[in-house]
Every structure is written in structure tokens, then in C-alpha cells.
Amino acid sequence: MITYAFFSLLTALTAVYLLFLFRIRAGLRYLLHEPAEQLPDIDDPKLPFVTVLVPARNEEARIARTLASLRAQRFPADRVEFIMLDDHSEDATARIATAIAAEDARITILPSSGSGKKAAITTGVAMARGEIIVTTDADCEHHEDWLRAMVHPFMHGADIVAGPVVYTDRRGFLRRLQAMEFLGLVGVGAGFFGIGYPRLCNGANLAYRRAEFTAVSGFAGNSGIASGDDEFLLHAIVYQRGGTARFVTAPASVVRTDPAPTVREFLRQRVRWASKGREYSDGRFVSFLVLLFVYFLFIAAAPFVSITSPAALGAGMVLLLLKVIADASVLYAAAAMFRQPFRPLDLIAAELLHAYYLVVVSLTGFFGRYTWKNRMLSNSGR
């Protein structure tokens with residue numbers, strides 16, 4: 001009786017999950033079939049003045065690479081500035097960046113006025129001259145036409161623009177699994193934009209009008225949360241202000257970054273991202289996230305319940321197979337859109353861990369404390 005009830009509930013939850021991914025897949029198809037937009041010419045007089053903000057903390061190994069890719073942007077030099085915000089780095093990040101800035105008048109190095117990424121961005125916006133703010137991370141690389149790809153939608157009425165971020169280092173099993181998982185996150189985020197319900201984005205590739213940031217008072221109400229410098233702002237601009245959001249899929253818009261070097265660092269990063277979940281204000285979205293958490297909890301338990309009888313084993317295998325097929329459909333579409341490799345064997349390996357990882361990360365992010373770049377944080381930001 002308990003087994004029957006378990007699989008009845010799991011069947012219903014699976015139906016919800018499949019419907020959700022069907023909608024995401026439809027959103028990705030919509031984006032994929034949008035007419036390709038021509039990037040504005042470098043000498044287009046309508047190109048706005050842009051401020052690129054680069055919050056940085058303890059990135060001495062990668063900051064030079066990031067600044068090099070920004071300096072290589074094909075964008076009018078008199079209409080762009082790069083501001084690196086040093087978030088109290090304990091290594092040589094600021095010194096390396098300062099030496100590079102001495103060679104390029106477009107680069108300014110500023111200390112953050114507070115602690116954390118949101119404080120750094122707030123400091124940068126206050127000092128920015130650009131009408132468009134573009135944010136990226138200090139461990140990223142960019143196509144030389146990235147900035148024009150991200151700015152172009154603002155020339156056609158957009159208020160906030162998100163772009164894709166991918167892991168390109170796939171050396172080793174751990175990195176490949178991270179690349180697969182991250183591709184799924186970015187794909188789901190893009191799919192939400194495609195169905196007209198933007199919910200997820202990544203601050204490593206985000207742009208918005210400075211006036212919109214000011215109108216929503218920046219990160220007011222969530223400044224104490226370690227994560228969410230991207231999504232909370234997206235929600236405020238779109239759902240409080242009624243702003244127009246776009247997701248850019250042009251090849252030049254893809255930002256490349258590195259996966260975490262260890263399992264421990266990977267989990268810390270994902271826990272930090274999950275910590276903002278309890279602060280979402282949209283009750284409908286929060287209810288859906290809770291439903292998804294219950295689904296993954298049931299999926300995690302399914303292999304153990306399946307061994308109780310042949311019928312349970314058959315039901316468990318069918319439901320797990322449906323999940324794999326649905327996940328694969330979204331991942332394949334995202335891989336095609338962002339021109340990333342899709343390896344079925346990596347997918348299978350990731351599926352074996354997917355539910356367990358999500359349950360652990362969700363619970364830790366909701367209740368726990370964690371360390372990030374030598375800072376002890378909690379979901380309240382303390």
C-alpha cells in the first residue's frame with residue numbers, strides 16, 4: 001500500500017516535471033528560431049555609453065585574462081569604461097589589475113564600499129558614467145563582439161538583458177559533469193525568457209539600464225543575501241517596474257568561465273546560489289520550487305523503493321527513464337543554442353547524481369552556513 005501510494009505521487013510529480021520541461025523546451029525553440037540580429041556597427045552613432053562592472057575578490061590567477069578580453073572588445077573607446085571593484089581581496093588581484101589599468105585609460109580600479117558582490121556593484125553603479133550597466137565576473141572570458149551583442153537589445157527598447165554563460169574547460173570527469181549541470185541551469189533560464197516569464201539569469205553576463213537600477217533602489221530588501229545580485233534585480237525590473245527583458249543568443253554573447261576545481265568548491269558555489277531561494281517574493285514561483293524539491297526528493301528515494309517488488313522496479317525504471325529523456329531534450333536544445341558539446345555518457349553519469357545533489361544543496365542553502373572566498377556566510381548574509 002505504501003509503495004503504491006509512493007509511486008502514485010511520484011507519477012503525478014513526474015507529470016508536473018515533464019510539463020515544466022516541455023514549456024522550457026518550447027521557450028528554447030522560440031529563442032532558437034528568432035530571426036538572427038545583426039550586431040550594430042562599431043561606428044554606429046546610436047551606440048550608448050556603457051559601463052562594464054567587474055566585481056572581484058581573490059582572483060589573482062584570472063583577473064589579467066578577464067581584463068585582457070575586455071580590452072579587446074570591438075566597441076568605441078569613447079563610449080565604454082571598465083570598472084573593476086575590488087571586494088577586499090586578500091591576494092594580488094588589485095595589484096595586478098592596477099598595473100593593467102595603468103596601460104588603458106578605459107579601466108578604473110575602485111575599492112568596494114562594503115562587503116560582498118552587491119555592495120561592489122552598488123559602488124560601481126554610483127561611479128558609472130554609462131547609461132547602460134553591464135556586469136561580468138572576474139574569472140570570465142569574452143568574445144571580442146560580446147559587448148555589442150549585449151548592448152544591441154537596448155537600442156530596440158530592452159530594459160534588462162541576459163546572456164549565456166558556459167564552462168569550456170572539460171578536462172576530466174568532474175569538469176564535464178559541472179559543464180553538463182551548468183548548461184542545464186543556463187538552458188532553463190533561457191527557456192523562461194523564451195516563454196515570457198524571465199526568472200533566472202547569471203550576473204556574469206547581465207546588462208541593464210542604470211535608470212532602472214536606480215528606480216528599483218538597486219538591491220534594497222535583499223542586500224543581506226550573499227547571492228541574487230542578478231535574479232533579484234531581474235525580478236524587480238520586470239515584475240515591479242514592468243520592464244522589458246531579453247535573452248541574447250548570438251554566438252558573440254556567450255561568456256566563458258571555469259568550473260570549480262573541486263567537489264567541495266562546486267557544492268559551496270551551488271549552496272550560495274540556492275541560499276537566495278527563501279527570499280523570492282513571487283508566491284507562485286516559490287510554490288513551484290517547493291514542488292520541484294518534493295519531486296527530486298521522491299526521485300532520490302525511488303531506487304530504494306523500487307527494490308521492494310518487481311512491479312515497483314518496473315514503475316521506478318519507467319519514471320526515471322522519463323526524467324532522463326526530458327532532461328536530455330532540454331540539454332540538447334541548450335547545447336545546440338550555445339554551441340556546446342553534448343555527450344550522452346556525461347548525461348547518464350549526471351543523472352545518477354542529479355536528484356541527490358539537488359536535495360542536499362537545497363537543504364543546505366535554506367538552513368545552513370557556508371564558506372565562500374574565505375568568508376563565512378549564511379542565507380541571511382551574516
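**A surface patch, a sheet and a buried loop residue**

Colleague: Which residues make the nonpolar surface patch of about 440 Å²?
Modeller: This is a predicted model, where local features need pLDDT of at least 70 and side-chain atom pairs 80 or more, while totals for chains, interfaces and linings use all residues. Residues are numbered from 1 along each chain, and side-chain values use heavy atoms, without hydrogens or water. The patch (nonpolar side chains within 5 Å, each residue over 30% relative accessible area and free of salt bridges, that is, Lys or Arg nitrogen within 4 Å of an Asp or Glu carboxyl oxygen; Shrake-Rupley areas, 1.4 Å probe) is made by Leu345, Ile348, Leu352 and Leu353.

Colleague: Is Leu353 buried or exposed, or in between?
Modeller: Leu353 sits in helix H12, residues 344-367 (a DSSP run of at least four residues; strands need at least two). Buried means under 20% and exposed over 50%. Because its relative accessibility is 48%, Leu353 is partly exposed.

Colleague: Which strands stand at the edges of the sheet?
Modeller: Seven strands line up as E3-E2-E1-E4-E8-E6-E9 in an open sheet with mixed pairing (a pair has at least two DSSP bridges). Inside it, E6 (residues 160-162) runs parallel to E9, joined by three bridges, and Ile160 stands opposite Ala245 in E9. Two strands have a single partner each, so one side of each lacks a neighbour in the sheet: E3 (107-111) and E9 (245-247).

Colleague: What is the relative accessibility of Asn205?
Modeller: Asn205 lies in the loop between helix H6 (173-194) and E8. Leaving out residues up to four places away in sequence, Asn205 touches (heavy atoms within 4.5 Å) residues including Trp146, Met150, Val161 and Val255. Asn205 counts as buried because its relative accessibility is 0%.

Technical notes. Patch = residues over 30% accessible without salt bridge, like charges linked within 9 Å, V, L, I, M, F, W, Y side chains within 5 Å. Salt bridge = Lys/Arg side-chain N within 4 Å of Asp/Glu carboxyl O. Buried < 20%, exposed > 50% of the residue type's maximum accessible area, 1.4 Å probe, protein only.
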